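I am opening a notebook on this structure and will write down what I looked up, one topic at a time.

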Amino acid sequence: EELVNDACNMTFAIEGCGFDNNACCPLEYSDSATFGDGICNGGLSATSKCRFDGTDCNNFKNNHPTCPFDDLAGRDGSADVILGDGVCDGGVYSTVECGWEFGDCAEGQIGQDLLD
């Protein structure tokens, strides 16, 4: 019953319990040096179960509440994106719902730095 309630119970936040049946952030993300470092990293770390990269993505999430973080996390390339760093990684988060990668991309842009 504890493993099917969608609430993260740290007792079961281990690989053998499927990180509490996927309710918890896997340790490979939460123990990473980039987790909670002040930089919003894309991918699984930017999901609700990983507390939006240890709160690094809260500003992004608050400004773009319709960005489907949890759905985008599994897409190829999502983990390679740093959101709001001025570099348009293109693709995954480059949508109107995600603020064109949190301002890194212009509408329809894929790749390259934004020029001043």
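How many aromatic pairs does the count come to? I first fixed the rule, under which rings of Phe, Tyr and Trp (its six-membered ring) pair if their centres lie within 6.5 Å, with planes under 30 degrees apart counted as stacked, over 60 as edge-to-face and the rest as tilted. By this rule I found three aromatic pairs. In one of them, the rings of phenylalanine 52 and phenylalanine 69 have centres 5.3 Å apart and planes at 70°, so I entered the pair as edge-to-face. Phenylalanine 52 belongs to helix 3 (residues 51-54) and phenylalanine 69 to helix 5, so this pair ties together parts that are 17 residues apart in sequence. Another entry is the pair of phenylalanine 60 and phenylalanine 69, whose ring centres are 5.2 Å apart with planes at 75°, so that pair is edge-to-face too. I also noted that Phe52, Phe60, Phe69 and Phe102 form one aromatic cluster.

Before going further, I recorded that this is a predicted model, in which local features need pLDDT of at least 70 and side-chain atom pairs count only at pLDDT 80 or more, while totals for chains, interfaces and linings use all residues. Residues are numbered from 1 along each chain as its sequence is written, and side-chain values use heavy atoms, with hydrogens and water left out.

Next I asked which of these rings are buried, meaning under 20% relative accessible area, against over 50% for exposed and partly exposed in between (1.4 Å probe, protein chains only). Phenylalanine 52 is buried at 15%, phenylalanine 69 is buried at 4%, and phenylalanine 60 is buried at 0% relative accessibility.

I then turned to serine 78, which lies in the loop between helix 5 (69-72) and strand 2 (82-83). Serine 78 is buried as well, with a relative accessible area of 1%. Leaving aside residues up to four places away in sequence, I listed its contacts (heavy atoms within 4.5 Å) as Gly42, Gly43, Leu72, Ala73, Val92 and Tyr93.

Last, I looked at the whole chain. I read six helices and two strands, taken as DSSP runs numbered from the N terminus (helices H or I, at least four residues; strands E, at least two), and along the sequence they follow the pattern α-α-β-α-α-α-β-α. Of the 116 residues of the protein chain, 36% count as buried. Among contacts between residues at least 6 apart in sequence, 26% join residues at least 24 apart.
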